[in-house]
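Here are my notes on the enclosed cavities in this entry. They are set out as numbered points, to be read alongside the structure.

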Amino acid sequence: MSVLVIAEHDNASLKGATLNAVTAAVQLGGDVHVLVTGNNAATVAQSAAQVAGVAKVLLAEAPHLADGLAENLAEQILAIAKNYTHILAPATACGKNVMPRVAAKLDVAQISEISKIDSTDTFERPTYAGNAIATVQSADPIKVITVRTTGFDAAAATGGSAAVESIAAVGDSGKSRFLSRDLTKLDRPELGAAKVIVSGGRGVGSGENYHKLLEPLADKLGAALGASRAAVDAGFVPNDYQVGQTGKIVAPTLYIAVGISGAIQHLAGMKDSKVIVAINKDPEAPIFQVADYGLVGDMNVAVPELTAAI
Amino acid sequence: MKILVPVKRVIDYNVKVRVKSDGSGVELDNVKMSMNPFDEIAIEEALRLKEAGVATEVIVVSCGVTACQETIRAGLALGAERGILVETTTELQPLAVAKLLKAVAEKEQVQLVICGKQAIDDDANQTGQMLAALLGWPQATFASKVVIADGKASVTREVDGGLETDEFTLPAVITADLRLNEPRYATLPNIMKAKKKPLDIMKPEALGVDVTPRLKTLKVVEPPKRKAGIMVPDVAALVDKLKNEAKVI
């Protein structure tokens, strides 16, 4: 049995989510190989080779593989897919984009966002915005899977000593072309991997207030900043701050929800956090039903007070 | 250019779902059903492309039980020209739906398929990608902006770190993210008119598609409940709890 993990990276460094996918792969048993596709991505391959549990790294390089376009990436995976019983990728935007394409070409079902492995063919995954956990069994010869990163610990980034083997790159599909990227610049921990998250909702009132209130608190806690859909739609912060069913799924040690009512779709993204704190002026807000510690009050007073007290 | 928009009938997004006590699934009887929210956004985008003169016809398709006709009618009331129901009582998984949609897309000779990025019931986020793969078309997933010109679609996509813009050669499959647009409401006259619009019904067998589920659902359970929390009177008490009880700061 051999398991292939699709590495996520930006041609310079390996993304943390890959480490969680490696842990899931190791749990399945068998040899774990990591596929790195990109351009000038040798350093990424070297990092992948040092990840504990990885037996081999395959490196495919070409200019048209640089930007992770699904049309090309899927073909690269398909070129070696038949050597594996399981193909895993983290359930990030990139993994969600490419894996169903791979599965369809192999004529197998794809299993999305697994949160637990019961056996080599049986997996648990959340459905209905996390309100039901389904256990599914696959009879397909190759299991194509995306891994919910919060369901699995990150593998150690060092301690491994896998060999890096270059493989032939597939040709360019010619059907898609990368144009530009507009990334939010963050000098904070990445939302998906943060230990502490400070998150704001519609109740925060404005973008200005969001930054004024939440940034000092996040700075003090070394936290990432998140937001509810309402805060994103109101333009307080960019879309990629969104935590929830359609945004990022997070499970930090501490999640502080400020001015967030706690709609089903938001809870779907954060209710596996270890400790949840809610600060809201409405005592009836549903967020208090999942909060370990709730404080009813004016955030404009409470948040600066909290920032000063820690 | 014809646009095909697949729509799914799902439990309304506001409903708190209940897991059946026998672990076979979630309770669907007497529960409010609606069109999947992402699919409403897909229809809206198709209609805007028609209004901009890019598309000539918008066809709404749904796969599933007879009641999916209501979902299709809802799409017709928004302004789509006609509907297609691929009727079956078999549980449909994304791969089967993608195969059905491929058959419909080829039969109807569409140039563009716009679907929602995921259904809020199975949360799979697979069908659009699978459809693109089966058709051999490019895929523009998680779209928040679509510009179509000169046989190409330039699509801004929501990715983890922000936004990415890619160019795709038509024909293509686009999957809609929440931020793509603000869907319109159906007016009463349009709801009445929609009742007279054509709605074809066909069976998976007629399309030559085997829809047998590939994944077996062994059981469905409720997620672990969180222990009830406590309310603290002030910030000092909160800080004390976080430091000394939860030990997280």
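1. In this predicted model, strand S5 of chain A gives the largest share of the lining of the largest cavity, namely three residues. S5 (110-114) is not alone: helix H4 (93-106) and strand S7 (122-127) of chain A also supply at least two residues each.

2. The lining of the largest cavity has 19 residues in total. Those nearest its centre come from both chains: A:Glu113, A:Arg148 and A:Gln245 from one, B:Gln118 and B:Asp123 from the other. Sorted by class, the lining holds eight polar, six nonpolar and five charged residues. The volume of this cavity is about 180 Å³.

3. Where does the largest cavity lie with respect to the domains of chain A? Domain 1 (2-166) and domain 2 (191-309) both contribute residues to its lining, so the cavity lies between them.

4. The second largest cavity has a volume of about 110 Å³, and 13 residues line it. Nearest its centre are A:Ala129 from chain A and B:Asp12, B:Tyr13, B:Val15 and B:Ile120 from chain B. Its lining divides into eight nonpolar, three polar and two charged residues.

5. The second largest cavity also lies between domain 1 (2-166) and domain 2 (191-309) of chain A, because both give residues to its lining.

6. As for the overall count, the model has four cavities of 30 Å³ or more. The points above cover the largest, at about 180 Å³, and the second largest, at about 110 Å³.

Key:
Residues numbered from 1 in each chain as written. Chains lettered and ligands numbered in written order. Predicted model: local features only at pLDDT ≥ 70, side-chain atom pairs only at ≥ 80, totals over all residues. Heavy atoms only, no water. 1 Å grid on protein atoms, 1.4 Å probe; cavity = no way out; pocket = protein on both sides within 12 Å on 5 of 7 lines; lining within 4 Å. Points joined across faces, edges and corners; volume = space filled by probe spheres on them. Helix = DSSP H or I, 4+ residues; strand = E, 2+ residues; numbered from the N terminus. Nonpolar A, V, L, I, M, F, W, Y, C, P; charged D, E, K, R; others polar. Domains from an automatic or database assignment.
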